[in-house]
Structures are given as structure tokens and as C-alpha cells.
Amino acid sequence: MAGKNKVYAFLGPHCSGKTTMVSQLMSMGIHYVPTITTRYFDDRYAYKRRLYQTVKKDEYEAEKLIVNNSYQGNSYGLRKADVLESYQKHKVSVMIMMDTEGITQLSKFINQDLVTIYMMIDDVQFVDRMLRAGCSNDEIKYYVDYAEQNKEFEKWKATDYVVKNVASPRAALEQILAVMGLVTLVPQADFDRLVK
């Protein structure tokens, strides 16, 4: 498949801001390709129910998936029909990837029209965001160990762009919009007039 439509896939460790950024982009009218999963999100993560469609394991296995991988013991995937529809009908679409394996699977399908963005956070932000989310010490230890064992902080090497999400969410969103070409640079002469 070749075309002018672009699909932007977000990847990053737990609490890196993937869900927050994709939610912001959706609120701006950007199309989202839903992720289906076998994971159930409790009330603490209720906001994720908008982005992830939880299905039973047997339903998940019956789906025609273009991306199928597991993350922390749960299955995550993208339906072939959803990806095709977004790619054919929308100039710009966004999606969330759980692992670089999903990027490899998807790139076989849409290749040059897939752009990958890694959401980067540092160790301090990683723990701070989990504390603010109400994670227990055991949960934080689990997520830290999981990230280290699965080299989640090194997966930026497999993506096209890296967005540092360590300051305000707005700063990260501005970086993402620039990557997506959804901002227009002001010519230098116009900029000079604006700041005088």
C-alpha cells in the first residue's frame, strides 16, 4: 500500500504519556485506531477504557489481527479492518503500540506510511507518575523490574522520533504536533515583525 495518509504509532514504557498524548490528539479531531486487549482496566485506569477495547480471550483469538503481541501477561492487538479503514479514510491516524514487535508487524503492512514516536521519560518521572497514579510499592517495583528486564528504555532505538515527556504535557504535545507536521513555521521576516 502506498499513499499520502500517515499512521503515527506511539510506543513507550508504562506512564510515559502515550494514553495522555493520544487522548489529546483525539480531542483535536485526529482519528484513533483502537487497540483491543484482554486486559481489564480497574477504576484507577478507567480513563484507558476510552482507548482500549477489552474483550474476552476467546473473542480476542477469533479476531483478524494485523498486530498481535503480549505485554505484561495480556494480549494487545490491532484489527486488520480498523487499520485498513483508518489508512484509507483518514489523512492522519494515531495508535498505541505496546512493543517494537508490533511495529515490525505493522510496518510489513503499511511500511513508508508508518511513523513511530517513542515517548521518553526518565527514572524520576517514571516512579513519580506511578506514585501519583496510586501504585503501591510492590506495583512500582514490578513495573521498574519489568521495564529493566524488557529493555523498555532502549526501545527508542527502533522508532523514527523520540519525544521527551519530562516537562509539561503541553511541551510534549507541541513536539508531537511538529513531528506530525500539524504546525506551520512562520517565515523569519514575519517572526521578526511579530517580536518587535
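The exercises below concern a predicted model, and each is followed by a worked solution.

**Exercise 1. Disulfides**

Determine how many disulfides the structure holds, and explain the result for C15 and C135.

Solution.
Step 1. Recall what is being sought: a disulfide is a covalent bond between the sulfur atoms of two cysteines.
Step 2. Apply the cut-off, which requires the two sulfur atoms to lie within 2.5 Å.
Step 3. Take C15 and find the closest cysteine sulfur, which belongs to C135. The distance is 5.9 Å, so the pair is too far apart for a bond.
Step 4. Start instead from C135: its nearest cysteine sulfur is that of C15, 5.9 Å away, and C135 is in no disulfide.
Step 5. State the count: the structure holds zero disulfides.

**Exercise 2. Buried or exposed?**

Classify C15, C135 and Y87 as buried or exposed.

Solution.
Step 1. Use the cut-off: a residue is buried when its relative accessible area is under 20%.
Step 2. C15 has a relative accessible area of 18%, so C15 is buried.
Step 3. For C135 the value is 7%, and therefore C135 is buried.
Step 4. Y87, in helix α3 (residues 80–89), has a relative accessibility of 6% and so counts as buried.

**Exercise 3. A pair of helices**

Describe how helices α5 and α6 cross, and say which residues make the contact.

Solution.
Step 1. Locate the helices: α5 spans residues 123–132 and α6 spans residues 137–149.
Step 2. Compare their axes, which come within 10 Å and cross at roughly 145°. The crossing is right-handed.
Step 3. List the contact residues: α5 contributes F126, V127, M130 and L131, while α6 contributes I140, Y143, V144 and A147.
Step 4. Sort them by class: eight are nonpolar, none is polar and none is charged.

**Exercise 4. The nonpolar cores**

Find how many residues the largest nonpolar core has, and which elements each supply at least two of them.

Solution.
Step 1. Count the residues of the largest nonpolar core: there are 34.
Step 2. Pick out those with the most contacts inside this core, namely F10, L25, V94, M119 and I176.
Step 3. Assign the core to elements. At least two residues each come from β1 (6–11), α1 (18–27), β7 (92–96), β8 (114–120), α5, α6 and α7 (169–179).
Step 4. Note a separate core of 16 residues, including L11, V67, L106 and I110.
Step 5. Look at M119: leaving out residues up to four places away in sequence, M119 touches F10, M21, A172 and I176, among others.
Step 6. Relate M119 to Y87: the two are 32 residues apart along the chain, and their C-alpha atoms are separated by 23 Å.

Definitions and conventions:
Residues are numbered from 1 along each chain as its sequence is written. This is a predicted model: local features need pLDDT of at least 70, side-chain atom pairs count only at pLDDT 80 or more; totals for chains, interfaces and linings use all residues. Side-chain values use heavy atoms; hydrogens and water are left out. Axes are lines fitted to C-alpha atoms, for helices over the stretch in contact, and angles run from 0 to 180 degrees between N-to-C directions. Helices (H or I, at least four residues) and strands (E, at least two) are DSSP runs, numbered from the N terminus. A crossing is left-handed if the near helix is turned anticlockwise from the far one by less than a right angle, and right-handed if clockwise. Contact means heavy atoms within 4.5 Å. Ala, Val, Leu, Ile, Met, Phe, Trp, Tyr, Cys and Pro count as nonpolar, Asp, Glu, Lys and Arg as charged, and the others, Gly among them, as polar. Buried means under 20% relative accessible area, exposed over 50%, partly exposed in between (1.4 Å probe, protein chains only). A nonpolar core is a set of buried Ala, Val, Leu, Ile, Met, Phe, Trp, Tyr and Cys residues joined through side-chain atoms within 4.5 Å.
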